[in-house]
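The text below walks through one protein model, from the whole chain to single residues. Keep the sequence and the coordinates open while reading.

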Amino acid sequence: MSFDTPGAGANNDHRPTITHRRNAQRDFEGNTMNEPVYAPSLPEIRVDAKEEIPVLDLGPYLAGEPGALDRLAEELRHALENVGFYFVMNHGIDQALIDGTFAAARRFFDELPLERKMARRFNQHNVGYEPIGGSVTRHSKINENNKPNQVESYFIKRDLPAEHPDVVAGVRFRAQNQWPEDLPGFREQCVAYAAAVERLGKSLVPVYARSLGLPADYFDKAFEEPMFTLRLSHYPQRPPQQEEDVFGIAPHTDTGFMTFLPFNEVAGLSIRLPTGRWVDVPGLPGSYLINSGDMLRRWTNDRFLSTPHRVINRSGRERYAIPFFMDCDIRWRMECLPTCLEPGQTPKYPPITYTEYMSWYRAQNYAAPPTDEASPAA
Ligand SMILES: O=C(O)CCC(=O)C(=O)O
Ligand SMILES: [Fe+2]
């Protein structure tokens with residue numbers, strides 16, 4: 001691990017330091033991971049990223065205005081080819097639903113004693129509670145960080161009934177949620193919020209198709225019943241003497257197709273722009289910040305970015321977040337899109353399903369994998 005000290009040599013211009021991994025490893029895509037990787041220089045570079053993160057107005061498109069779909073698709077293409085993150089305004093999600101979900105996160109983390117949270121421990125289906133230090137960003141090509149992330153999280157997926165065929169068959173990532181007892185209204189709040197963001201996500205799928213030069217309905221079948229994860233997170237305040245390579249969440253890319261982050265009144269998220277510069281994400285009240293992840297990057301043959309980001313809670317307050325991750329149907333094979341291949345070119349990646357990708361990812365990133373694959377982790 002090497003972080004430059006402030007003002008050290010070539011880092012004065014805020015360019016990231018290039019470091020080399022010591023041990024060659026192969027990642028899931030068959031690349032060796034001892035290529036140059038970027039480590040962020042600390043302390044924070046304070047830059048207002050509003051200039052660099054595009055702001056898209058969904059109003060005209062959601063109102064069905066003629067021509068709005070293709071105009072929005074062009075803005076989306078620009079955002080995902082060049083930045084990997086964009087804000088949306090006029091997204092149609094009720095602010096009270098967002099506020100209620102932040103409040104539910106606060107209740108879960110603050111009202112429940114650790115034993116009760118641990119009784120719902122994160123399992124092999126990626127649902128449940130992960131305590132502070134429970135995850136390590138091991139798969140990252142961006143940073144050699146292997147210190148546990150200073151965040152506690154509670155993960156929820158689609159609320160499947162016990163009699164759902166996938167639940168009955170024990171299909172991985174299609175299990176029932178692990179709801180806490182005695183937290184009235186918590187489940188209803190999370191389910192209502194997830195449904196609203198899923199609706200928004202599905203309404204954006206045709207825009208993604210058009211942004212890639214595909215017919216608007218190209219992804220419709222792939223997103224009939226999208227996979228999603230609502231993550232409630234709590235980042236404790238960073239102690240003043242904390243070592244610089246300990247993060248709330250270490251530099252990483254997201255796994256999925258799209259991630260939705262509603263405006264957070266407590267700052268802490270930074271992204272690494274393609275120039276290599278880390279910038280703090282500005283707060284844009286009323287917005288969602290949306291980013292693309294690794295599965296979309298693969299599906300587009302690297303045409304769309306999966307931009308690294310990290311969280312450090314230097315706010316002096318407790319920080320809560322409610323990211324929502326959306327993906328295609330669990331059984332859909334994501335195969336290089338026809339508009340992402342030049343004539344004569346072969347795809348960079350083999351086709352892959354959600355299950356294949358997430359199984360690999362899970363094996364990389366959690367400190368204490370379940371010992372018994374048939375039952376929740378202890
Ligand atoms: O807390 C945030 O603002 C972002 C969280 C994040 O990057 C993640 O959960 O993957
Ligand atoms: Fe993330």
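The account starts with the whole chain, then takes up a four-stranded sheet, the ligand shell, a second group of strands and a loop.

The model is predicted. Its protein chain has eight helices and 15 strands. Of the chain's 378 residues, 37% count as buried. Contacts between residues at least 6 apart in sequence are dominated by distant partners: 76% of them join residues at least 24 apart.

A UniProt annotation from an unreviewed entry, "domain: Fe2OG dioxygenase", covers residues 225-328. Over that stretch the chain is 38% strand and 6% helix. The C-alpha atoms at the two ends of residues 225-328 are 7 Å apart.

One open sheet consists of four strands in the order β8-β13-β10-β11, and the pairing is antiparallel. Its edges are β8 (249-252) and β11 (278-280), each of which pairs on one side only. On average, and with direction ignored, neighbouring strands of this sheet are turned by 20° against each other. In general, strands of a sheet pair through backbone hydrogen bonds, either parallel or antiparallel.

Within this sheet, strand β10 (residues 269-272) is joined to β13 by three bridges, and the two run antiparallel. Strand β13 covers residues 309-311 and contains His309. Opposite His309 in β13 stands Ile271. Apart from neighbours within four places in sequence, the contacts of His309 are Leu269, Ser270, Ile271 and Arg272.

Is His309 buried or exposed? His309 has 24 C-beta neighbours inside 10 Å, and the threshold for a buried residue is 20 or more, so His309 counts as buried. For a sense of scale, the C-alpha atom of His309 is separated by 30 Å from that of Glu342, which lies 33 residues away along the chain.

His309 also belongs to the surroundings of ligand 1. Which residues make up that shell? They are Arg231, Ser233, Ile249, Asp254, Leu261, Asn264, Leu269, His309, Val311, Ala321 and Pro323. By class, the shell divides into six nonpolar, three polar and two charged residues. Strands β7 (227-235) and β13 each supply at least two residues of this shell. Leu269 appears in the shell as well, and it is among the contacts of His309.

A second group of strands is arranged around β12. Strand β12 covers residues 288-292, and five of its five residues are buried, so it is largely enclosed by the rest of the structure. Tyr288, Ile290 and Ser292 point one way from β12, while Leu289 and Asn291 point the other way. Burial therefore applies to residues pointing either way from the strand, as all of them are buried.

Two strands that pair with β12 can be followed residue by residue. Strand β9 (residues 258-262) is joined to β12 by five bridges and runs antiparallel to it. Here Met258 has Ser292 as its bridge partner in β12. Strand β4 (residues 85-89) is joined to β12 by four bridges, again in antiparallel fashion. Along β4, Phe85 has Asn291 as its bridge partner in β12, and Phe87 has Leu289.

Strand β4 has four of its five residues buried, so it too is largely enclosed by the rest of the structure. It also pairs with β3 (residues 55-57): three bridges join the two strands, which run parallel. In that pairing, Val55 has Phe87 of β4 as its bridge partner. Phe87 is thus bridged to Val55 of β3 and to Leu289 of β12.

The last stop is the loop between α7 (294-299) and β13, where Asn301 is placed. Asp302 lies in the loop between α7 and β13 too. What do the backbone angles look like in this loop? Phi of Asn301 is near 60°, a positive value in a residue other than glycine. Phi of Asp302 is near 75°, also positive and also in a residue other than glycine.

The two residues can be read by their neighbour counts as well. Asn301 has 18 C-beta neighbours inside 10 Å and therefore counts as partly exposed. Asp302 has 12 other C-beta atoms within 10 Å and is exposed, because the class takes in residues with 12 or fewer. From this loop the chain leads on to β13, the strand in which His309 is found.

Notes
Residues numbered from 1 in each chain as written. Chains lettered and ligands numbered in written order. Predicted model: local features only at pLDDT ≥ 70, side-chain atom pairs only at ≥ 80, totals over all residues. Contact = placed C-beta atoms within 7 Å. Pairing = 2+ DSSP bridges. Near = placed C-beta within 6 Å. Nonpolar A, V, L, I, M, F, W, Y, C, P; charged D, E, K, R; others polar. UniProt positions renumbered as here; feature names shortened; annotations may be inferred. Axes fitted to C-alpha atoms, helices over the stretch in contact; angles between N-to-C directions.
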